[in-house]
Amino acid sequence: MASIAARPSFLRDPILRWCVAGLLALVLLPWKALEYGVFDATADEFLDAYGWSHLNSSLFAALCLLLFVLRPWRGSPLRHKIDAGLSVFAFAGILALASWQNEALGWGAAVQFFVFGGILALALARMGLVQGDPFMTGAILLVSGLVLFFIFWPVSTIFSKVIVNDQGAYTPLMFFKMITGFGIGRIMWNSLSLAIVVGAATTFLGLVFALFAARISQKFQGLIRIFSILPVITPPFVIGLSLILIFGRNGSINDILLALFGDGGLFVGAGQEGWFERSPYIYGFWGIFLAQTLSFTPISFMLLMGMVSTINPAMEEASLTMRASDWQTFRYVTFPLLRPGIANSYLLGVISSLADFGNPLVLGGDYDVMATEIYFSIVGAQLDYARAATLGIALLMFSLTGFMLQRYWIGKKSYVTVTGKGSGGSFQRLPRWVERGCAVIAIIWIIFTAVLYGSILLGGFVVNWGADYTPTLAHYEELWARGFGYGAWPSYFTTLGFSAVGAPLTAMVGLLIAYVTTRRRFAGRNIVDFGAMICFAIPGTVIGISYILAFNTAPVLLTGSAAIVVISFIVRNMPVGIRSGVSGLAQIDKSLEEASLTQRASSLRTIFTVVLPLLRPALISAVVFSFVKSMTTVSAIIFLVTADTQVATTYILGRVEDGDYGQAICYGSVLIVTMLAVVLLVDRLIGKARTERKIGAHA
Amino acid sequence: MERKKSIGVSLRNVVKMFGNNTVLNGIDLEIAPGSLTTLLGPSGCGKTTILRLIAGLELPTSGQVFIGDEDVSTHSASQRDVAMVFQSYALFPHMTVGENVGYGLKVQKVPPTERAARVADALGSVGLSGFESRFIDQLSGGQQQRVAVARALILEPHVMLFDEPLSNLDTKLRRQMRDDIRRLQQETGITSVYVTHDQNEALAVSDQVVVMKEGGIAQIGPPESLYHRPNSAFVATFMGDANILDAELLREDNEAFVRIRQSRVPLGDKAAEMPAGPVRVAIRPEALSLSAPGSGEGGFTGHVTSRAYIGSATEYLLDSDGEELFAVIPAGAPVYAPGADVRITIDPVGVAVIGS
């Protein structure tokens, strides 16, 4: 026999196995969603939710599954097309029936989507798609499905919100009415002007530190590590909080100035009126600017550091041998080579500033920006979904434009890849005053950052920063010492739990998306690619508003559940997963997989025995980073959490809103320490594994 | 090792498109059981695509691929009885040599003891006995190449595929590996398909050479016939150097000749089907020989434009009434300086008619 591919017998046909799984799910799992979740439902509620307790759309699913078991078209030459058609029909049918009957679908129904997706993948593979590989076909279907369902569909709902009004009438011009409406233009201008200035500041500082670290002082390696970790482990509004501690109305700077120049101050004569009063100058444009610059400079630094260190020193040497001075070399060679990186970093700064939610929320004052206004439009009394959707669309468009520019315009202008092999050589000194300038700025920055983080760590140990500096453990006791059911513990555990569930899923789905988009050609790859790009570009608040709009009606009723919080974690962190998947896969030659395939391993087995072992370091870092990022995320989930699913960041924001800065800061520093511990621990473990393998390889 | 019966491979009207780009435009190819067939052509001609279609790493857009008498057109790579040696070797860096070679057996759930024996056997056949527990990065390029061959051999596949297997080796090693691959192939009788862009390699290892051009087959045949009887200027110049000239085909007394300038060159059976009249011919540079003007019968005259000494031979650029000719004259023959007049004669073995 020449081939190993015999046609499976009736009993061994994988379609039958899918059907059995589907039927089991129909019998065992609740068809309808449970109002209080699977674990908190009463027995009666559970019974009531089963598909077989009532006449509902589950009957249709059962009929389709039985049809697949019998498969009367088994002998037909069209059998694979019929399989594919019927599975699509079943898929659509369940959704249509459920929406018509207004049923919120639960786990039992979710399983059916996997079952019919699996059968569809088998049928398509048997028709010769994707090299006839059912697993890969399934993976592509799954990834496309996820992108359509969790990205395109929710985003499309915010668009529909501005086309159809609350009464259901068709209002095609509403978006334009809203966008030109009162106050919106000012908000957009606020956001944009802030982003433009923040982008410039973060890029400038990032460049200064990159030059300093790469060219001036080699004893800077520790700072690089700190810079790479800091933005990841700092909850987004904690920097804002520490700015309030230092510069706020009752902040340290005000205290000092007051002691010097205020009523009865050191430099003010007795009986004379002081020149200085307490003022809330930190709230508003400059406060947000400062917080965002502090938050995003590390990102810009990392990006430019990569650029600076890959410039081929031979270029500068060539310039110097042609009698150019230090300054001319920097001006005409080094700087132009860095220009694409600078543009890139600028756009990244702009996008991050536009999307930032935490800092403006804490420091904004009267200075309204889009990200926070989306939120304020639908909390409290307003509940103006059309306004939120309009702002969401505008914010998404700004952010997407920036991202497209970065990807398609600047991406093509990078010189670094063109220069090819580095040729030994060592870097020349930069012009003297550039070196000095960089050093001064870097030192100021380091001191400033140290003071800010110091205030975060210390702020939790005094009664009331700015008013009463008596040392106290009261905030810690209030949060942590009242038993696991009280204070910060419930939200802490919820955060850890959600992050622990979300992180591995993020890494897996990210890897799968990276895999199918970089390794496979298939119709619709561009759509998945575009969906992945939206993941990168979409601001968290836009995800928040779109998820609220998309998942609050049957058949997919997810708002209020833990699932939607975990899903939003996953979508928010998808860039981490995709990026580490793409860079990891780029290290693995495609022929390794092909070698495994021609050794007759299935593609599933190939992934497990060849791809995953080689990707292990990339996967672990993806899991860790998305775990840590989940713990600090706030913008999307603030729309989605309920009292039961409160997480650490929303709890802290609650404390901030109550004016309870002591507790907020105390919780913030515990979070930072937790995450630092996780990062360092895993770093240690990976480092150890790496050396072990090296030793093993040379034994 | 019990040897399987050799079976052939055939491609029937295979078309492969990537998007709107047609890479193969209707390939018909028969590969005889037990033979070694080389796919030869410039980069982008579609030779590697044919290999990948046989492996199942790509599926044809239309047309069929047969292994033996079974249509495998829609079977995936893991369902086909083929093994492949990759250009980059594609050895798994996280496995030892033994694990790499035994990978296919493990996939097929061969018990560990039998697996170890067969791995040792396969490594022995490529001269790497005892290398089982080494890691890949501890091997030289030539050793890695041998591991890759052992990994393909161990499955005793019906078809072995080689994708430019020697391109990463230096010249000396390349010749030795080339001979080893040929020897192993003949010992095992496994039908093999071999992709290369090096015509010397192709001529040295093959039973049959397939010259490809722009997604189609330019010519198929055993190495000698491709070298001596190319059917087109493309094949003639791709299989070594050739002078392409206008000439006239003559038929006298059932014998065919070509008149090339003042020379009459007998063709034997090389142009059996062609009518008399103007034709184009390809002349191998080593088929030209030089002598002093007026020193003998036949031939035509020209003068030396330039020459280059390359050790085993001397290369001449010649001019004959404005027609440029390239000649390679073995060391030992008289040497002519640039500007010298020479008589040029043609050895009929090195002449082929390549079209009218």
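**Notebook: helices, domains and a sheet**

I started with a helix pair and noted that α1(A) and α5(A) are roughly antiparallel to each other, because their angle is over 145 degrees. The model is predicted, so I read every value here as computed from it. For the pair itself I found a packing angle of about 170° between α1 (residues 14-28) and α5 (residues 107-126) of chain A, with 9 Å between the axes.

Next I looked up who makes that contact. From α1(A) I listed A:Pro14, A:Ile15, A:Trp18, A:Ala21, A:Gly22, A:Ala25 and A:Leu26. From α5(A) I listed A:Gly108, A:Val111, A:Gln112, A:Val115, A:Gly118, A:Ile119 and A:Leu122. Sorted by class, the contact of α1(A) with α5(A) has ten nonpolar and four polar residues, and no charged ones.

**Chain A as a whole**

I then stepped back to chain A, where I counted 27 helices and four strands. Of its 699 residues, 44% are buried. I also checked how far along the chain its contacts reach: among those with a separation of 6 or more, 77% are between residues 24 or more positions apart.

The domain assignment splits chain A into domain 1 (8-128), domain 2 (183-248 + 283-459) and domain 3 (472-699). I took domains 1 and 3 of chain A and found their C-alpha centres 30 Å apart. Their contact uses nine residues from domain 1 of chain A and six residues from domain 3 of chain A. On the domain 1 side I sorted the residues into five nonpolar, three polar and one charged.

**Where the chains meet**

How many residues of chain B are in contact with chain A? I got 35, and they meet 24 residues of chain A. On the chain B side, β6 (82-85) and α2 (97-107) are the elements that give two or more residues. That side of chain B divides into 18 nonpolar, twelve polar and five charged residues.

**A sheet in chain B**

Last, I traced an open sheet of five strands in chain B, in the order β13-β12-β11-β14-β20, with antiparallel pairing. Which strands sit at its edges? They are β13 (263-266) and β20 (351-355) of chain B, and each pairs on one side only. Ignoring direction, I noted that neighbouring strands of this sheet are turned by 45° against each other on average.

I looked into one pairing in detail. Strand β12 (residues 255-260) of chain B is joined to β13(B) by four bridges, and the two run antiparallel. Within this pairing, I found that B:Phe257 has B:Pro266 in β13(B) as its bridge partner.

Conventions:
Residues are numbered from 1 along each chain as its sequence is written. Chains are lettered from A and ligands numbered from 1 in the order in which they are written. This is a predicted model: local features need pLDDT of at least 70, side-chain atom pairs count only at pLDDT 80 or more; totals for chains, interfaces and linings use all residues. Domain bounds come from an automatic or database domain assignment. Two residues are in contact if their C-beta atoms, placed from the backbone, lie within 7 Å. Ala, Val, Leu, Ile, Met, Phe, Trp, Tyr, Cys and Pro count as nonpolar, Asp, Glu, Lys and Arg as charged, and the others, Gly among them, as polar. Two strands pair if DSSP finds at least two bridges between them. Axes are lines fitted to C-alpha atoms, for helices over the stretch in contact, and angles run from 0 to 180 degrees between N-to-C directions. A residue is buried if 20 or more other C-beta atoms lie within 10 Å of its own, exposed if 12 or fewer, and partly exposed in between; C-beta atoms are placed from the backbone. Angles under 35 degrees count as roughly parallel, over 145 as roughly antiparallel, 65 to 115 as roughly perpendicular and the rest as oblique.
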